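Author: Pull up the model and ask whatever you like. I'll walk through the reasoning and finish each time on what you asked for.

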Amino acid sequence: MDAGSRSISSEKSRAAVQRPPLQEAGSRPYMPSLSTSSRDPSAKCYGDRFIPNRSAMDMDMAHYLLTEPKKDKENMAASPSKEAYRRLLAEKLLNNRTRILAFRNKPPEPENTLAADTVSSHQAKPAKQRRYIPQSAERTLDAPDLVDDYYLNLMDWGSSNVLSIALGDTMYLWDASSGSTSELVTVDEDNGPITSVSWAPDGRHLAIGLNSSDIQLWDTSSSRLLRTLKGVHESRVGSLAWNNNILTTGGMDGRIVNNDVRIRDHAVQTYQGHSQEVCGLKWSGSGQQLASGGNDNLLHIWDVSMASSMPSAGRNQWLHRLEDHTAAVKALAWCPFQSNLLATGGGGSDRCIKFWNTHTGACLNSVDTGSQVCALLWNKNERELLSSHGFTQNQLTLWKYPSMVKMAELTGHTSRVLFMAQSPDGCTVASAAADETLRFWNVFGTPEVAKPAAKASSHTGMFNSFNHIR
C-alpha cells in the first residue's frame with residue numbers, strides 16, 4: 001500500500017504556526033558548379049584526370065623498355081658478347097633512367113568534388129551542445145502541513161503563472177511572476193483537509209476537491225466561491241482533470257464523473273471501472289481520451305466518443321483496461337509530441353514507468369526505476385521525461401526518450417516527492433515532498449521562443465453563467 005497518513009501532533013502544529021508557508025527555506029548538401037567561367041580562361045581544365053606533358057617524354061626509351069624484356073625471353077640462350085652489348089646499349093640509351101613518364105611540372109590541385117564539399121559542409125556544421133542541467137534547486141520554500149498521502153493531488157501550476165498548493169485545510173496561491181503568496185481559502189474541519197486541486201484552462205478559475213466529497217469552484221481573481229458541487233461522490237475527491245468546460249472528478253468510491261460546470265445538473269457522464277480509489281486522472285491534449293489510474297493497480301483509457309450524452313445512460317465502457325502494473329497507478333503523463341503516447345508510473349510494489357499506445361492498448365516499453373513513482377512530466381521542448389520518486393533516494397530523474405537513458409538525478413528532498421507541476425513556459429518544475437518543502441528546478445532549460453501566458457479574459461465564457469446558478 002502506498003497510502004500516507006495524516007497525523008499531525010499538536011507540537012508540530014505549533015511549529016507550523018511559527019513557520020509561514022511558501023517562504024524561502026535554507027539541409028540539403030552543396031552541389032558544386034562544373035563551369036569554369038570564374039577561372040582563368042587561359043588555363044586548361046582536364047576534370048579529375050591529370051594528363052602529363054608529352055614534351056617531357058622520351059618515346060624511343062619507352063619503346064625499348066616495353067619490348068626489350070620480351071626479346072630476352074625469346075632468346076634465352078644469347079651469347080656472352082650479345083649480353084654485354086645489350087647492357088652497354090641500355091646504359092647509353094637510358095642514361096640510368098628507369099621511369100618511362102617524367103613529370104617535370106607539379107600536378108595541379110584536384111578539383112573540388114561533390115564528396116569533398118559534402119564532407120566539408122558536415123564538418124562546418126556546429127555540433128549541438130549538451131544542455132546544462134543544474135543539480136540543485138533554484139529556490140526552496142517551506143510547505144508546512146503538506147499531507148503525506150500518495151493518493152492525493154495537492155499542487156497545480158496554472159496558465160496565468162500562479163501555483164496553487166494545499167497545505168492541510170488551506171489553499172495557498174504563489175505568484176511566480178512576483179513571488180508573492182496569498183491565502184485563497186481555509187475550509188472547516190468537517191470538510192477538510194483539501195484532497196485535490198486543478199486549474200481551469202483559463203488560469204483564473206480553480207477547482208478544489210475536499211475530504212467531505214464536495215468540489216468547490218473558485219474565481220481566484222476576486223477570491224470568490226462560485227459554486228459547490230455536491231453529491232458527486234460518496235467519499236473524498238482525490239483527483240481532478242479539466243477538458244474545456246468539463247471538470248472530471250475521481251473519488252475514493254472508484255467513480256469517475258464528468259461535470260459540465262455551465263449547467264445546473266452538472267453530472268453528465270459517469271465512468272465505472274475502478275474498484276478502489278481513483279488517484280490519477282489526465283485528459284489527452286486533444287481532449288479525445290481520458291486516462292485514469294487507481295489503487296486497484298488498474299489503468300483505464302476512456303474515449304470521449306464512447307461516452308453517452310444522455311445522463312440517463314449512466315455508466316460508460318472503457319476503451320482499454322490495462323492490468324500490467326502491480327501497484328497503484330497515480331503518475332500519468334500524455335506525450336506532447338505524440339498524441340497517442342501515454343506514460344504511467346506504478347507505486348512501491350511496481351516501481352515501473354510504462355509507455356502505452358492508447359489507440360491499440362499495447363505496452364511499448366517498461367523501465368524499472370527501482371523506487372516508487374509518484375509523478376511524471378514530459379518536457380514540452382525536448383524528447384525527455386521527468387519522474388519523481390520515493391524511498392530510497394527521494395529524487396527527481398530526467399530520462400531521454402525513447403532510449404530511457406538517465407540524463408540527470410536531482411536530489412535535495414529528504415522524503416518522497418509526492419507532487420510535481422510544470423510552469424506555463426515548460427522550463428521550471430516545482431516539486432513538493434513529504435519533507436514539507438517546495439522546490440523549483442530549472443531542469444527543462446530555456447525554449448527558443450517563450451510562449452506568452454494566455455489572457456484570462458479570453459477564457460471566461462464557461463463561467464459566465466455562475467451568477468445565475470444558485
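Reader: To start, what is the relative accessible area of Asp 368?

Author: Some ground rules come first: this is a predicted model, with local features needing pLDDT of at least 70 and side-chain atom pairs counting only at pLDDT 80 or more, while totals for chains, interfaces and linings use all residues. Residues are numbered from 1 along each chain as its sequence is written, and side-chain values use heavy atoms, with hydrogens and water left out. On the scale used here, buried is under 20% relative accessible area, exposed is over 50% and partly exposed is in between (1.4 Å probe, protein chains only). Asp 368 counts as partly exposed, because its value is 48%.

Reader: Which residue forms a salt bridge with Asp 368?

Author: A salt bridge here needs a side-chain nitrogen of Lys or Arg within 4 Å of a carboxyl oxygen of Asp or Glu. For this pair, the closest N and O atoms are 3.7 Å apart, and it links strand E22 (residues 362–368; strands E of at least two residues and helices H or I of at least four are DSSP runs numbered from the N terminus) to the loop between E20 and E21, 17 residues away. The partner, with 30% relative accessible area, is partly exposed. It's Arg 351.

Reader: How many residues apart in sequence are the parts that Glu 384 and Arg 131 tie together?

Author: The two form a salt bridge, 2.9 Å between the closest N and O atoms. Glu 384 sits in strand E24 and Arg 131 in the loop between helix H4 and strand E1, so the parts tied together are separated by 253 residues.

Reader: Of Glu 384 and Arg 131, which is buried?

Author: Arg 131 is partly exposed, because its relative accessible area is 26%. The other residue has just 2%, so the buried one is Glu 384.

Reader: And what distance, N to O, does the Asp 148 and Arg 416 bridge have?

Author: The side chains of Asp 148 and Arg 416 meet in a salt bridge. Asp 148 is in the loop between E1 and E2 and Arg 416 in the loop between E26 and E27, so this pair ties together parts 268 residues apart in sequence. Asp 148 is partly exposed at 26%, whereas Arg 416 is buried at 14%. The N to O distance is 3.0 Å.

Reader: How many salt bridges does the structure hold?

Author: Besides those pairs, there's a network linking Asp 149, Arg 236 and Glu 277. The total comes to 11.

Reader: Let's go to the sheets. Which strands stand at the edges of the open four-stranded one?

Author: The order is E14-E15-E16-E18, with antiparallel pairing (two strands pair if DSSP finds at least two bridges between them). An edge strand has a single partner, so one side of it is left without a neighbour in the sheet. The edges are E14 and E18.

Reader: How many bridges join E15 to E16?

Author: Those two run antiparallel, with Gln 289 opposite Asp 303 and Leu 290 opposite Trp 302. In their hairpin, which has four residues between the strands, Asn 297 takes a positive phi near 70°. On E16's link to E18, there are three bridges, and His 300 stands opposite Arg 321. For E15 and E16, the number is five.

Reader: How many of the residues of E16 are buried?

Author: In a regular strand, side chains alternate between the two faces of the sheet. In E16, Leu 299, Ile 301 and Asp 303 lie on one side and His 300 and Trp 302 on the other, and both faces are covered. The strand is largely enclosed by the rest of the structure, because the buried count is five of the five.

Reader: Which residue's side chain makes a polar contact with the side chain of Asp 219?

Author: Asp 219 is in strand E8 and is buried, because its relative accessible area is 2%. A polar contact is a pair of N or O atoms within 3.5 Å; within protein, one must be able to donate a hydrogen and the other to accept it, and residues adjacent in sequence count only if both atoms are side-chain atoms. At 2.7 Å, the partner is Arg 204.

Reader: Last one: which strand gives the most to the largest nonpolar core?

Author: A nonpolar core is a set of buried Ala, Val, Leu, Ile, Met, Phe, Trp, Tyr and Cys residues joined through side-chain atoms within 4.5 Å. The largest has 36 residues, and those with the most contacts inside it include Met 155, Ile 208 and Leu 438. With five residues, the top contributor is strand E3.
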